[in-house]
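User: I would like to go through the contacts in this model by question and answer, with the cut-offs stated as we go.

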2 protein chains.
Amino acid sequence: MRAIFIAVGSEMLDKERVDTNSIYVARRLMEVGILTDMKMVVGDDIENLTWAIKNACKRAQIVIVTGGLGPTEDDITREAAANALKRELLFKEEIVEDITIRFRQRNIKMPEINTRQAFVIDGAEVLPNAVGTAPGQYIDAETCKLLLLPGPSREMKLMFDKVLTDKIAPLCNFFIYKRCFKFAGITESETDAEIADIYAKHRNIRTTILATPGVIEVHLVGRSRKSEEEARIETDGVAEKIKTKMAEYLITEEDISFEEFIVAALKHLKLTVSVAESCTGGGLANRLTHVPGSSDVFLGGVVAYSDEVKKNILGVKEETLKKHGAVSKETAKEMAFGIRKLTGSDISAAVTGIAGPGGGTKGKPVGLVFMHLSAADAEVGIHKVFPGERRVVKVRTINESFNLIKKYLGEIAPKK
Amino acid sequence: MRAIFIAVGSEMLDKERVDTNSIYVARRLMEVGILTDMKMVVGDDIENLTWAIKNACKRAQIVIVTGGLGPTEDDITREAAANALKRELLFKEEIVEDITIRFRQRNIKMPEINTRQAFVIDGAEVLPNAVGTAPGQYIDAETCKLLLLPGPSREMKLMFDKVLTDKIAPLCNFFIYKRCFKFAGITESETDAEIADIYAKHRNIRTTILATPGVIEVHLVGRSRKSEEEARIETDGVAEKIKTKMAEYLITEEDISFEEFIVAALKHLKLTVSVAESCTGGGLANRLTHVPGSSDVFLGGVVAYSDEVKKNILGVKEETLKKHGAVSKETAKEMAFGIRKLTGSDISAAVTGIAGPGGGTKGKPVGLVFMHLSAADAEVGIHKVFPGERRVVKVRTINESFNLIKKYLGEIAPKK
């Protein structure tokens with residue numbers, strides 16, 4: 001079975017709003033084995049919405065429409081759905097009574113326009129709204145089940161959960177099992193080249209590769225008509241092969257961020273960290289401190305954007321800056337040492353580089369970054385030339401620095 | 001003319017990602033008088049995507065597809081579009097050469113799979129990608145113009161802007177005139193309450209209020225079928241009234257970020273800045289250093305996440321921490337003084353607070369933040385209790401600190 005989700009509202013077309021309804025519905029449907037193929041966002045226009053519902057109902061077995069069930073002129077979902085299914089809209093006196101009671105409980109007289117909410121598609125089952133005035137509708141239209149739900153999340157979720165249990169789940173016959181990996185130190189296309197052969201033949205597993213600068217995610221969603229066990233066995237088979245092949249790049253199998261992984265690993269090993277940043281300009285500290293409870297392991301940092309700060313606060317030697325320059329492995333090393341001594345942390349990470357767009361030279365191009373990890377038992381320096389514009393270079397540098405910390409925590413720290 | 005936007009990628013169906021591409025495209029199309037009727041999000045499935053493109057091309061005169069142009073197996077946009085238009089895919093050797101050069105510049109051998117990106121729909125115009133490997137395609141298909149653009153925002157925007165100017169704008173018959181304001185220190189609903197009466201009656205001006213934590217944007221897009229002058233006169237009339245009424249909250253009339261405004265203002269006044277951060281954890285420095293050329297005015301900062309760092313690096317007195325606590329106006333003041341002395345900057349900003357979710361007490365709740373600006377001729381301290389979760393508190397604190405700097409730069413600094 002496949003599902004299409006339709007969100008109604010012009011405001012969603014040109015404003016930055018995360019449509020959490022569709023994500024909620026997609027996740028819940030996946031739990032009963034239904035994959036959402038497609039989502040549509042349609043403005044408050046009756047012709048467009050009629051077209052969208054009609055076509056969605058031809059394509060999918062389940063169509064969920066949210067929004068446009070309010071009492072105003074631009075609430076057009078009832079009418080558009082009736083047009084799409086070529087059915088009548090019937091006026092239900094009992095719904096008016098329900099809404100009147102609801103208003104009376106709030107000591108308000110029901111506005112006349114709310115009677116619009118009493119129109120129901122011929123043959124639809126009315127879904128009571130426990131927390132708002134707009135009732136939902138469930139229509140069993142031969143090849144397609146059509147659900148009309150209110151837009152506000154709280155009303156939508158309560159109503160959807162009930163329909164899912166009562167009507168949709170009994171129709172389903174898929175079991176779902178999921179795995180997830182996060183990798184660093186490898187690109188998206190390199191990842192695909194490594195693992196495509198492993199996942200390609202498995203038609204019951206949906207494989208998604210997601211790339212952000214410096215971190216690659218691989219998501220596997222397996223399904224089976226027989227049992228959860230069957231989905232699990234096939235998915236685990238693929239997942240374990242990927243895990244073995246990509247072991248050196250693996251950050252975590254949990255669906256957490258790189259900084260959440262680092263903070264958790266530091267907590268586990270009871271180690272503290274500090275950072276000294278030039279080209280990332282505070283971004284490394286900022287990412288670490290996004291994690292609640294990071295203050296247990298992160299002591300602090302210095303953003304050394306000028307040579308004076310590198311010298312006066314971090315203690316980088318005048319001579320080092322003169323001889324090797326601010327962007328050099330020697331400066332990165334002294335920055336890391338300096339912040340570790342200043343804060344007394346167990347380990348420290350330092351970065352210095354050229355984020356661009358200006359400042360590059362032939363010998364030291366834009367994107368060149370030196371990273372250094374310092375600990376009582378380790379000094380590790382690396383450098384990279386990262387592609388991309390200023391912000392991308394910052395993000396890649398941050399993730400590469402996390403990778404440096406991760407490697408230390410995985411290989412050196414546990415042996416102590 | 002009407003447009004349909006199609007975003008390709010399974011990850012957008014069940015993960016919380018804000019699809020900024022569609023919003024950018026909708027806004028830019030609106031500038032030339034084209035309204036976006038509908039948006040579709042389609043998973044990486046060739047049948048579904050073929051269906052979506054085919055139907056969209058029947059319905060709209062402009063169809064923009066983003067994503068799915070990468071080199072991997074699940075990048076299916078080229079093939080789906082060819083199927084939908086019933087056209088051939090042709091292999092273009094010159095695209096392989098372009099991509100090979102791009103990889104060579106990064107000292108990487110081109111992975112074999114990247115040759116997949118060299119397939120072009122028969123009759124399509126290839127759109128060069130200035131910043132990535134995936135070329136775009138523009139197809140003039142009788143009743144519909146179809147655009148295939150890469151998913152990463154930066155690549156998509158550059159390519160779309162060029163097609164908009166070269167191909168789409170000439171098809172349109174509206175004159176457009178825009179104004180924009182950014183405000184701080186006021187909420188979205190307060191802004192609307194202030195200005196709704198001013199813009200409400202103007203049907204030729206589309207007014208959009210966008211809110212991020214701490215910054216409110218108001219965009220006015222006026223249009224006229226007659227002349228740019230007609231659009232300009234009506235829009236300027238509304239804009240000037242808004243400007244007068246909201247003068248005390250105005251950051252800028254340019255479409256730039258708060259940090260770009262601050263860096264430009266510091267450059268103009270030839271002043272340098274440094275920051276001392278506790279609860280923002282480097283976020284303040286990170287935002288300032290997003291701006292190219294910020295190194296001219298930003299000297300550096302200290303992220304003082306522990307009391308020891310506050311004392312040992314910034315010189316906050318033991319006594320102050322004991323008597324008033326780390327989250328207090330006294331500590332904020334000493335942090336600001338400390339970083340200004342350390343770096344020798346003209347002005348400095350310091351923040352200390354409780355970002356949450358833990359760490360709140362009855363007297364000092366989560367969201368309580370003290371901010372302080374220090375300069376030779378000014379000491380300004382404020383505090384706020386910000387609503388929202390950890391990251392939102394960080395962002396609000398950063399923007400409020402920028403507002404503190406902005407006020408100093410506007411009122412005190414110029415008088416010197």
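User: How much area do domain 2 of chain A and domain 3 of chain A bury between them?

Analyst: This is a predicted model, in which local features need pLDDT of at least 70 and side-chain atom pairs count only at pLDDT 80 or more, while totals for chains, interfaces and linings use all residues. Residues are numbered from 1 along each chain as its sequence is written, chains are lettered from A and ligands numbered from 1 in the order in which they are written, and side-chain values use heavy atoms, with hydrogens and water left out. Carbon and sulfur atoms carry 60% of the buried area (accessible area, 1.4 Å probe, lost on putting two parts together, summed over both), and the total between these domains is about 620 Å².

User: Which three residues supply 58% of the area that domain 2 of chain A buries against domain 3 of chain A?

Analyst: Ten residues of domain 2 touch seven of domain 3 in chain A, where contact means heavy atoms within 4.5 Å. On the domain 2 side, the three that supply more than any other three residues are A:Ala184, A:Pro213 and A:Ile251.

User: How many salt bridges are there between chain B and chain A?

Analyst: The contact takes 76 residues from chain B and 73 residues from chain A, and about 6,300 Å² is buried between them. A salt bridge requires a side-chain nitrogen of Lys or Arg within 4 Å of a carboxyl oxygen of Asp or Glu, and between chain B and chain A the count is zero.
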